[in-house]
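Me: Could you walk me through a few contacts in this model? I'd like to see how each answer is reached.

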Amino acid sequence: MLQDARFRAIAAQVALAIGVAAILIVLFTTTARNLELRGIPVGFGFLWKPANFQIAETILPYSSSDPNWWAAVVGLVNSLFVSVLVILLASVIGLFIGIGRLSQNPLLRGICRVWVEVARNTPLVVLLIFNYALWWEILPLASEAWRLAPGTHLSVRGLSMPALGWSASGVVPFVLLVASVACLIGAAYAANWRQSLTGRRPAYLAAAWLVVVAGAALLLFVYRDAISIEMPEFRRVNFAGGWSLTPELTTILIGLTFYTAGFIGEIVRGGILAVRRGQWEAATASGLTRAQTYRLVVVPLALRSIVPPLNSQYINVIKNSTLAIVVGYQDFMTVISTMINKTSHAIEGVAMILGVFLLVNLALSALLNAYNRRIAIVER
C-alpha cells in the first residue's frame with residue numbers, strides 16, 4: 001500500500017489537514033482560557049446591545065441607541081459607498097490617462113506621466129494626510145465658498161451640491177424608470193440572441209431609447225409635484241439643505257481616486273499596446289477616425305488584457321478604503337475599532353473585519369472573473 005503513489009498523496013494531505021486542525025484547536029482553546037482568566041468576555045452577544053456611540057456621516061439612518069450589529073452594517077455601507085465611487089471615478093479617469101500616455105501631444109503625455117509617477121511612487125497614507133492638510137490650508141470659509149456650479153459650493157466645511165428629493169408618490173416613477181432600463185437591457189440581449197441565430201441584428205436601439213426617453217418625460221410631467229430639487233443655502237456658518245460631502249469623505253474620495261487612477265492608467269496603456277498593429281491599420285483603412293478606432297476596435301480588444309490586472313486594483317480599492325481612519329471618516333474599520341474599544345471583544349471584532357472584507361473581495365473577484373471569461377477568446 002505504501003508503494004502506491006496515489007495512497008501516499010492522499011495520506012499526506014489527510015495528515016496535513018489533521019495537523020492544521022490540531023493547531024487551530026490548540027490556539028482556540030488557549031486563547032479562550034487566557035481570556036477567561038483575565039475576565040474578558042467571549043462571544044458575539046455584544047452585537048445585540050446598544051452601540052452607544054455616534055457615526056458622524058452615514059448613508060443609512062442610524063442613532064446611538066441602535067444595536068452594534070446595525071452600526072457595523074452602517075459602517076460597511078459607508079465603506080462600500082466610498083469603494084464604489086472610487087472604482088467608477090478611477091476607471092473613467094484611468095482610461096483617459098492610459099490613452100493620454102500614448103498621445104502625440106507632448107503636454108498631455110507629460111501631464112499623464114506625472115500623474116502616474118506621483119501616484120505609483122507615493123505611499124497612499126502620506127497622500128491622504130497631505131490632501132487633508134491641504135484642504136484646510138487652501139479652501140476658504142463657508143461664507144466665502146467657491147461656487148463651482150449653480151448650487152455647488154466648495155469650502156473648508158466640505159462640498160455642497162443640489163439634492164434630488166421625492167415624496168412617497170415619487171417612488172412610482174422611480175420604479176417605472178428602473179423597469180424601463182431593465183427592458184432596454186433585455187432588448188439588447190434579445191437582439192444579440194437574434195443576431196447569433198440569423199446573422200442580422202434588429203434595429204431595436206433607436207426605438208427602445210425613444211420609448212424610454214418618452215416614458216421618462218411623461219412620468220416626470222405627471223409626477224412633477226412629487227419630485228423636487230433641493231438647493232443648499234448658506235445659513236450663519238455653513239450650508240444647509242441639498243447634499244453635502246464632509247471634508248473627510250471628500251479627501252478619501254479624491255486621494256484614493258487619484259492613487260488608483262494612476263495604476264489603472266498604466267494597465268490601460270499596457271492593454272492598448274498589446275493590440276497588434278494590424279488592427280490599427282485595418283481600422284484606419286476602413287475609414288474610422290482615431291476616436292472611433294479607440295472606441296470600436298482598440299478598447300474592446302484591449303479589455304482582454306486589461307480586465308485580469310484590473311481585478312486586483314478593484315480589490316485593492318476595497319482594502320485601501322480602510323485608510324479612511326487616517327482622515328477621520330467613519331467606515332467599517334473605524335466602527336469596528338470603536339466597538340472593540342467599548343466592548344473589549346477584540347478577537348470577535350478582528351474576525352468580523354477579516355470575514356467581511358474576505359467575502360466582499362471574493363464576491364467582486366467572482367463578478368470580474370465571470371466577465372473576463374465572457375470576453376476571453378475561446379479556442380476551438
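Me: Which residue does Glu266 form a salt bridge with, the closest N and O atoms being 3.1 Å apart, in the loop between α2 and α3?
Reply: This is a predicted model, so local features need pLDDT of at least 70 and side-chain atom pairs count only at pLDDT 80 or more, while totals for chains, interfaces and linings use all residues. Residues are numbered from 1 along each chain as its sequence is written, and side-chain values use heavy atoms, with hydrogens and water left out. A salt bridge here is a side-chain nitrogen of Lys or Arg within 4 Å of a carboxyl oxygen of Asp or Glu. Glu266 sits in helix α7, 165 residues from its partner, and that partner is Arg101.

Me: Is Glu266 buried or exposed?
Reply: Buried means under 20% relative accessible area, exposed over 50%, and partly exposed in between (1.4 Å probe, protein chains only). Glu266 has 16% relative accessibility, so Glu266 counts as buried.

Me: Which residues do salt bridges that share partners join into one network?
Reply: Glu266 also forms a salt bridge with Arg120, with the closest N and O atoms 3.4 Å apart; Glu266 lies in helix α7 and Arg120 in helix α3, so this pair ties together parts 146 residues apart in sequence. Arg269 meets Glu266 too, at 3.1 Å from N to O, and both lie in helix α7, three residues apart, about one turn of the helix. The network therefore joins Arg101, Arg120, Glu266 and Arg269.

Me: Where do the buried residues of α3 pack?
Reply: Helices are DSSP runs (H or I, at least four residues), numbered from the N terminus. The buried residues of α3 are Cys112, Val116 and Ala119. Seen down the axis, they fall within an arc of 70° (taken from the directions from the helix axis to the C-beta atoms), so they line one face of the helix. With contact meaning heavy atoms within 4.5 Å, they pack against α2 (68–100) and α7 (247–273).

Me: Are the rings of Phe332 and Phe357 stacked or edge-to-face?
Reply: Rings of Phe, Tyr and Trp (its six-membered ring) pair if their centres lie within 6.5 Å; planes under 30 degrees apart count as stacked, over 60 as edge-to-face and the rest as tilted. The centres of Phe332 and Phe357 are 5.9 Å apart and their planes at 65°, so the pair is edge-to-face.

Key:
Helix = DSSP H or I, 4+ residues; strand = E, 2+ residues; numbered from the N terminus.
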